Amino acid sequence: MTNDDQPPADQAAADPPQNVGPLDASVTPRYAGIATFARLPRLEDVPRADIAVVGVPFDSGVSYRPGARFGPAHVREASRLLRPYNPAQDVEPFFQQQVADAGDIAANPFDILGAVGQIEAAARALQQGGTRLLTIGGDHTIALPLLRAVAAIHGPVAVLHFDAHLDTWDTYFGAPVTHGTPFRRASEEGLIDLTASLHVGIRGPLYSRSDLRDDARLGFAVISCQELELEGLPRAVERMLARLGNRPVYLSVDIDVLDPAHAPGTGTPEAGGMTSRELLTMLRALRGVNIVGADVVEVAPAYDHAQNTAVAAAHVAYEIISAMTPDLPPDSPAATPI
Ligand code: MN
Ligand code: MN
């Protein structure tokens, strides 16, 4: 924003302070400067934030390819091209609310339970004052401490989980906390409203039929990729919104819900996934849903090509932040010129 965009002094005195948006790309080129998400201000540079984007560079819970610890930096780099107006949702997500980049949560790579404790503590601290978190992983293990932090405020939340995988397995090699188990542990801990939770995008071979049975017994609903293909997107959107109702929702997006053609840079790829267009369409339908927290996880840059996966993840995060944006009062002028 340039000074010319500021309201006159008398108007500024009467109006609430304007939110600080991204760097003005007509002044500082998008490829210049240190990467924060969407070139937003750092959290310490604003008085408070409605939404904090925070990275969790942790991947000690993976079962196959490692590398998602480098996800936050990679997604931030790919988010430089995001622009302030979202025509698909008709919102300016960075001006109608204060969004800021909170940097990364330091998590011990040699101690999964220790890291989970660190992530929960940091998330709880960031949430103070009503800030909602959009977390960039990291592997899916991090959803457990993030759900603990959200449930501490809201009680059990509806979980909307986009993933090729159920992530409700019990243990791997005897380990109870991995990227394949967060929603089992969270269910056992009473963090999830299982009357309103669902997985979207499930596909691929499983260990046995009991995987699906166990998941259904916990209470999750499923919209599989096959159902998406056969029933179409409008029906899937309808089922998703009906399932969530008006409950507080925690939204968790494993980037491997996308087909490897759209998101090769991930740890456990499965063929036959969603297109990025399908995923973005479903996320846009969440406008008006009470999203109390969200994550985008499992971006592993070592397997990415041409930033495809990171660009997809950046756009996923952007659509989520847009869906979390409050409506402008009908009589208010646009927060900033477009
Ligand atoms: Mn997955
Ligand atoms: Mn997952």
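**Figure 1. Tyr 207 and its aromatic partner in the predicted model.** Tyr 207 is exposed, with a relative accessibility of 63%. The model shown here and in the views below is a predicted one. Tyr 207 forms an aromatic pair with Trp 169. The two rings meet edge-to-face, with 6.0 Å from centre to centre and 85° between the planes. Trp 169 belongs to the loop between β4 (158–162) and α5 (182–188), and Tyr 207 to the loop between β5 (198–202) and α6 (209–218), so the pair links parts that lie 38 residues apart in sequence. Unlike Tyr 207, which is exposed, Trp 169 is buried, at 13% relative accessibility. The structure contains two aromatic pairs.

**Figure 2. Arg 184 and its contacts.** Arg 184 sits in helix α5. Its relative accessibility is 14%, and because buried means under 20% relative accessible area, Arg 184 counts as buried. With neighbours up to four places away in sequence set aside, Arg 184 touches Asp 167, Thr 168, Trp 169 and Asp 170. Asp 214 and Leu 218 are also in contact with Arg 184. Trp 169, one of these contacts, is the residue that pairs with Tyr 207.

**Figure 3. The surroundings of Phe 37.** Phe 37 is found in the loop between α1 (9–14) and β1 (51–56). How buried or exposed is Phe 37? Its relative accessible area is 0%, and it is buried. Leaving out residues up to four places away in sequence, the contacts of Phe 37 include Val 53, Val 75, Arg 76, Ser 79, Leu 82 and Phe 94. Asp 101 and Ile 136 also touch Phe 37, as do Ala 314, Ala 317, Tyr 318 and Ile 321. Ala 317 is 280 residues away from Phe 37 along the chain, and the C-alpha atoms of the two are 9.5 Å apart.

**Figure 4. Two residues with positive phi, Ala 38 and Arg 39.** Ala 38 is not a glycine, yet its phi is positive, at about 55°. Arg 39 likewise has a positive phi, near 60°, in a residue other than glycine. Ala 38 lies in the loop between α1 and β1, and Arg 39 is placed in the loop between α1 and β1 as well. Ala 38 is buried, at 1% relative accessibility. Arg 39 is buried too, with a relative accessible area of 3%.

**Figure 5. Tyr 31, an exposed residue between α1 and β1.** The loop between α1 and β1 holds Tyr 31. Tyr 31 counts as exposed, at 68% relative accessibility, whereas Phe 37, placed in the loop between α1 and β1, is buried. The C-alpha atoms of Tyr 31 and Leu 144 are separated by 34 Å, and the two residues are 113 positions apart along the chain.

**Figure 6. Ser 197 and its contacts.** Ser 197 lies in the loop between α5 and β5. At 0% relative accessibility, Ser 197 is buried. Which residues does Ser 197 contact, leaving aside its neighbours within four places in sequence? They are Val 157, Ala 158, Val 159, Ile 192, Gly 219, Phe 220, Ala 221 and Arg 243. The C-alpha atoms of Ser 197 and Ala 38 are 30 Å apart, with their positions 159 residues apart along the chain.

**Figure 7. The cis peptide bond at Gly 138.** Gly 137 and Gly 138 are joined by a cis peptide bond, with omega at about 10°. Gly 138 is located in the loop between β3 (132–137) and α4 (143–154).

**Figure 8. The whole chain as the setting for the close-ups.** The protein chain has ten helices and eight strands. Its radius of gyration is 19 Å, close to the 20 Å given by the globule rule for 338 residues, so the chain is as compact as a globular protein of that length. Along the principal axes, the C-alpha atoms fill a box of roughly 65 × 40 × 40 Å. Of the 338 residues, 52% are buried. Among contacts with a separation of 6 or more, 77% are between residues 24 or more positions apart. The chain exposes about 14,400 Å², of which carbon and sulfur atoms supply 55%. It carries 25 positive and 41 negative charges, and the mean positions of the two groups are 4 Å apart.

Technical notes:
Residues are numbered from 1 along each chain as its sequence is written. Chains are lettered from A and ligands numbered from 1 in the order in which they are written. This is a predicted model: local features need pLDDT of at least 70, side-chain atom pairs count only at pLDDT 80 or more; totals for chains, interfaces and linings use all residues. Side-chain values use heavy atoms; hydrogens and water are left out. Helices (H or I, at least four residues) and strands (E, at least two) are DSSP runs, numbered from the N terminus. The radius of gyration is taken over C-alpha atoms; the globule rule is 2.2 Å times the number of residues to the power 0.38. Buried means under 20% relative accessible area, exposed over 50%, partly exposed in between (1.4 Å probe, protein chains only). Contact means heavy atoms within 4.5 Å. Accessible areas come from the Shrake-Rupley method with a 1.4 Å probe; for residues, only the protein chains shown count as cover. Lys and Arg count as positive and Asp and Glu as negative; His and the chain ends are not counted. The place of a charge is taken as NZ of Lys, CZ of Arg, CG of Asp or CD of Glu. Rings of Phe, Tyr and Trp (its six-membered ring) pair if their centres lie within 6.5 Å; planes under 30 degrees apart count as stacked, over 60 as edge-to-face and the rest as tilted.
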